[in-house]
Amino acid sequence: MQSMLSQSWQTVFINANIATMTQAATSYGALENAALAVADGKIAWLGHMSQLPELTASVEVIDVDGQWLTPGLIDCHTHIVFGGHRANEFEMRLQGASYEQIAQSGGGIVSTVEATRKASEDQLFDAALPRLSALHSEGVTSIEIKSGYGLDVDNELKMLKVAKRLSEALPVRVQKTFLGAHALPKEYKNDSDGYIDLVCDEMIPQVAEQQLADAVDVFCEGIAFSVQQTERVFQAAKQHGLSVKVHAEQLSDLGATELAARYDALSSDHLEYLSESGVKAMSKASMVAVLLPGAFYFLRETKLPPIQMLRDNNVRMAIASDANPGSSPINSIQLMLNMACTLFRLTPNEALAGVTCNAARALGIDDKVGEIAVGMEADIAVWDISQPAQLCYQFGVNPLTALFKHGHKVR
Ligand code: NIG
Ligand code: FE
């Protein structure tokens, strides 16, 4: 019966060690001295080498000679489409200005908005492609990209169209998130409720109609939008059949996570100031905690997210780059793996789950990617390492030797 099945196999990896990452498993869900078969772009079989059925002559056999296979990595929170850069603000911060002070004095997100509005769709695409390419070269096969630097109808749509084009340019799955409620554009100075009207009544309906987003995000913070305004955006998103998520408790605890839990959010992201009631709400709603060590590092934060409390309450933790020009100009998922361990004290197993199964869950695509299991898409990274913790331990030498998307070799 098994050998009958094997006639449809296109590719078989042999002599592999596999970090299956199945259900946030302990010890990476490791399967050593194993083989894995692909048919129709999906994982068709995996098991110990000794159980591998006889193969037909037409099967492509890839002997990985003891290397490790992981699911293709997933960066579940990025802002890689933007114009310009903010090196000037980096210098200001080095001289003592805070991220919040810069935002309050008209810099920060709003300065990237100006540069993004000025850029054409082609220019934004050309600027974003090397960022995506950098992540892809480190094993990323799925990514989330947010809008949020347009802040008017046309420019938000422009950003999401660029994200869509990126998905056609490289073999990476792109989940698009509409983040119109990222900051208050200058045209709406002193009228933030008026801007939220625009987000809810015009932007969300158009984004939904043109199928330009899978989810809606809000930056709920003192320097951004209130809990009440966040709730209005969530209601509009739900009316248009879009999932929600939130940038929450990054600089203060406003309780946005508890609100998001009531709206069945996929994830709550940042979370340095998350309270115990926020953790409990996430646990009850099965939300993913997306931790962003790059922003923590780059803003030189000192308050850690409540990692142990998240663990104790069985909240799944994802790790993402948050790649953006202000708080995390870092396009490296491998560095995030390292920082998740060094800065947040995650175990390497937790960190790797954070960029595979739990990241997939944070994007609502965990039925397709993020684990190596039969029926999942064959997005597979091949690493020249002798134990999975090496992916977190070292940085700067890329151990990726091959990358497969839907079973096709793409690197
Ligand atoms: O995730 N927190 C809000 N948004 C981004 C930062 C965006 C920016 O500073 O340009 C973040 O950190
Ligand atoms: Fe972010």
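Four exercises with worked solutions follow, on a predicted model.

**Exercise 1. The metal site**

Task: Find which residues coordinate the iron ion (ligand 2), and state how the donors are spaced in sequence.

Solution:
- Step 1. List the donor atoms. The iron ion (ligand 2) is coordinated by NE2 of His77, NE2 of His79, NE2 of His247 and OD of Asp322. The distances are 2.1 to 2.3 Å.
- Step 2. Write the spacing. The pattern of donor residues is H-x1-H-x167-H-x74-D.
- Step 3. Place a pair of donors. Histidine 79 sits in the loop between S6 and helix H2 (87-94), and histidine 247 in strand S10 (residues 243-248). They are 168 residues apart, so the pair links distant parts of the chain.- Step 4. Check burial. Histidine 79 and histidine 247 are both buried.

**Exercise 2. The sheet**

Task: Give the strand order of the eight-stranded open sheet and identify the strands at its edges.

Solution:
- Step 1. Read the order. It runs S6-S7-S8-S9-S10-S11-S12-S13, with parallel pairing.
- Step 2. Find the edges. Strand S6 (73-75) and strand S13 (317-319) each have a single partner strand, so one side of each lacks a neighbour in the sheet.
- Step 3. Add the twist. From one strand to the next it averages 25°.
- Step 4. Take one pair. Strand S11 (residues 267-270) and strand S12 (residues 288-291) run parallel and are joined by three bridges. Serine 268 is opposite alanine 289 in S12.

**Exercise 3. The nonpolar cores**

Task: Describe the largest nonpolar core and say what contributes to it.

Solution:
- Step 1. Size it. The core has 106 residues. Those with the most contacts inside it include Ile143, Phe178 and Leu310.
- Step 2. Find the main contributor. Helix H7 (residues 192-209) gives the most, nine residues.
- Step 3. Map it to domains. At least three residues come from each of domain 1 (5-71 + 371-409) and domain 2 (73-362).
- Step 4. Separate the other core. Another core, of 18 residues, lies apart from the largest one. Leu36, Val38, Leu69 and Met376 are among its residues.
- Step 5. Zoom in on phenylalanine 178. Leaving out residues up to four places away in sequence, its contacts include Leu160, Val199, Met203 and Val216. Polar residues are also on the list, among them Ser147, Glu156 and Asp217.

**Exercise 4. Two positive phi values**

Task: Compare the settings of asparagine 33 and asparagine 190.

Solution:
- Step 1. Recall the background. Most residues other than glycine have a negative phi.
- Step 2. Read the angles. Phi of asparagine 33 is near 50°, and that of asparagine 190 is about 65°.
- Step 3. Locate them. Asparagine 33 is in strand S2 (residues 30-39). Asparagine 190 is in the loop between strand S8 (173-181) and H7.
- Step 4. Classify exposure. Asparagine 33 has a relative accessible area of 39%, so it is partly exposed. Asparagine 190, at 77%, counts as exposed, because the cut-off for exposed is over 50%.

Technical notes
Residues numbered from 1 in each chain as written. Chains lettered and ligands numbered in written order. Predicted model: local features only at pLDDT ≥ 70, side-chain atom pairs only at ≥ 80, totals over all residues. Heavy atoms only, no water. Core = buried A, V, L, I, M, F, W, Y, C linked by side-chain atoms within 4.5 Å. Buried < 20%, exposed > 50% of the residue type's maximum accessible area, 1.4 Å probe, protein only. Helix = DSSP H or I, 4+ residues; strand = E, 2+ residues; numbered from the N terminus. Domains from an automatic or database assignment. Contact = heavy atoms within 4.5 Å. Pairing = 2+ DSSP bridges. Axes fitted to C-alpha atoms, helices over the stretch in contact; angles between N-to-C directions. Donors = N, O, S within 2.8 Å, 3.2 Å for Na, K, Ca; no water.
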